[in-house]
Amino acid sequence: MTVTVRQLAEWVRGEVVGDGDLPISNARTLTEAQPGDITFVEHEKHLYAWHACHASAAIVPGSVDVHGRPLIRVSDPLMAFARVVQNLRARPVEDVGPAIHPTAQVHPLARLGAGVSVGPFVVVGEGTEIGPRSCLQSGVIVGRFCQIGDDAVLHPRVVIYDDCKLGNRVMIHANAVIGADGFGYRTQAGEHIKVPQLGSVEIEDDVEIGACSTIDRGTFGPTRIGAGTKIDNLVMIGHNCQIGRHNLLCSQVGIAGSCTTGDHVVMAGQVGIADHLNIGKQVKILGKSGVLGHVKEGAHILGFPARAHKDQLRMMLAFERLPALRRDMAVIKKHLGLEES
């Protein structure tokens with residue numbers, strides 16, 4: 001597809017500076033762009049790369065002073081560029097044939113809304129309801145009596161256990177497992193006796209779940225994921241957890257059972273949360289932190305055990321100084337005649 005800079009600006013509601021009739025055929029990053037491409041400059045620190053770049057035009061913020069080639073000024077260059085890429089690389093609509101692939105197994109008592117796409121070797125269980133325009137890609141398994149909302153996308157080999165609920169526009173990436181049994185046991189006479197996991201998982205609207213992540217079903221009630229929350233690959237959420245709205249959970253986060261988070265919580269990579277803890281809203285937990293106690297609203301924490309970010313940084317700095325302090329103490333003890341024999 002080839003369009004003009006002016007047409008691109010209309011897509012992103014931007015302001016054209018320079019030749020709006022210049023043709024553009026592709027969108028690529030600063031390091032990859034070639035003549036005929038449009039790129040984006042998000043910050044002044046990227047201007048050096050822009051000057052070395054061969055792109056014909058760029059999407060830029062109003063705060064960056066750029067000259068010499070056609071520009072589109074917007075408030076958020078990254079998101080505008082993403083929209084341009086999507087539009088330029090959009091594939092033509094093809095006739096995909098029947099909505100349900102002949103190898104799929106859809107139970108007669110399952111209900112599929114208009115425009116639902118069911119790929120090869122998909123299994124949909126008894127009593128399950130799937131909303132309009134949702135897409136189940138190859139190898140997806142959805143158990144019995146599940147509810148999946150409108151415009152949901154389940155990528156290859158996603159597994160949804162019985163009785164789980166997914167809201168509208170939920171996206172789950174490959175090999176994620178929703179609703180497996182929680183890790184609940186009681187030790188009796190030296191044996192680990194399984195506590196039946198009779199609850200479910202409820203995922204609200206606009207949640208995205210990364211590849212190979214797992215969310216365990218509740219013991220008696222539901223494990224919940226709040227609307228707008230984004231979960232990275234390889235994240236584990238234990239049974240009975242109540243995750244708030246618009247959380248960001250990065251790769252390899254592990255949350256033990258019965259934890260609660262407020263809205264707009266951010267957990268960086270490899271954060272671990274002990275069981276039965278409450279994490280207040282707008283908390284930020286830095287990478288590799290281990291949280292062993294409740295966290296108050298708005299806290300910014302780091303380390304193991306996790307504590308206030310500034311306090312942890314002071315402790316880390318003090319720890320680096322220990323060898324020098326040890327040498328100084330040895331000199332002082334020698335001077336005072338307190339050397340150990």
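The following dialogue examines the fold of a predicted model.

Trainee: How many helices and strands does the secondary structure of the chain come to?

Mentor: The model is predicted, and its elements are runs assigned by DSSP. On that basis the chain holds five helices and 39 strands.

Trainee: Is the chain compact or spread out, judged by its radius of gyration?

Mentor: For 341 residues the globule rule gives 20 Å, whereas the radius of gyration of the chain is 27 Å. The C-alpha trace spans about 85 × 65 × 30 Å along its principal axes. Because 27 Å is well over the value from the rule, the chain is, relative to a compact globule, more spread out.

Trainee: What share of the contacts in the chain with a separation of 6 or more comes from residues 24 or more positions apart, and what share of the residues is buried?

Mentor: Among contacts with a separation of 6 or more, residues 24 or more positions apart account for 16%. A residue counts as buried under 20% relative accessible area. By that criterion, the buried share of the 341 residues is 38%.

Trainee: Which strands stand at the edges of the open sheet of 11 strands?

Mentor: The order of this open sheet is β10-β13-β16-β19-β24-β27-β30-β33-β36-β38-β39, and its pairing is mixed. The two edge strands each have a single partner strand, so one side of each lacks a neighbour in the sheet. These edge strands are β10 (117-118) and β39 (307-308).

Trainee: Within that order, in which sense do β36 and β38 pair, and which residue stands opposite Lys 284?

Mentor: Strand β36 covers residues 284-285 and strand β38 covers residues 300-302. Two bridges connect them in the parallel sense. Opposite Lys 284, in β38, stands His 300.

Trainee: Which peptide bond is cis, and where is its proline placed?

Mentor: The bond from Phe 304 to Pro 305 is cis, with omega near -10 degrees. Pro 305 itself belongs to the loop between β38 and β39.

Trainee: Which strands does β23 pair with, and what is the bridge partner of Val 201?

Mentor: Strand β23 (residues 200-203) pairs in the parallel sense with β18 (residues 165-166) over two bridges, and Leu 166 has Ile 203 as its bridge partner in β23. Four bridges also join β23 to β26 (residues 222-225), again in parallel. In β26, the partner of Val 201 is Thr 223.

Trainee: Which residues touch the most other members of the largest nonpolar core, and which residues does Ile 273 contact?

Mentor: In this core of 48 residues, the members touching the most others are Leu 154, Ile 160, Ile 203, Ile 237, Ile 255 and Ile 273. Apart from this core lies another, of 18 residues, including Ile 24 and Leu 88. Setting aside neighbours within four places in sequence, Ile 273 contacts Gly 254, Ile 255, Ala 256, Cys 259, Met 267, Ile 279, Ile 285 and Val 291.

Trainee: Is Arg 13 buried or exposed, and how is Arg 133 classed?

Mentor: Arg 13, in the loop between α1 (5-12) and β2 (15-17), has a positive phi near 55 degrees. Arg 133, in the loop between β12 (129-130) and β13 (135-136), has a positive phi of about 65 degrees. The cut-off for exposed is over 50% relative accessible area. At 79%, Arg 13 is therefore exposed, whereas Arg 133, at 48%, is partly exposed.

How values were computed
Residues numbered from 1 in each chain as written. Predicted model: local features only at pLDDT ≥ 70, side-chain atom pairs only at ≥ 80, totals over all residues. Heavy atoms only, no water. Pairing = 2+ DSSP bridges. Core = buried A, V, L, I, M, F, W, Y, C linked by side-chain atoms within 4.5 Å. Buried < 20%, exposed > 50% of the residue type's maximum accessible area, 1.4 Å probe, protein only. Contact = heavy atoms within 4.5 Å. Rg over C-alpha atoms; globule rule 2.2 N^0.38 Å.
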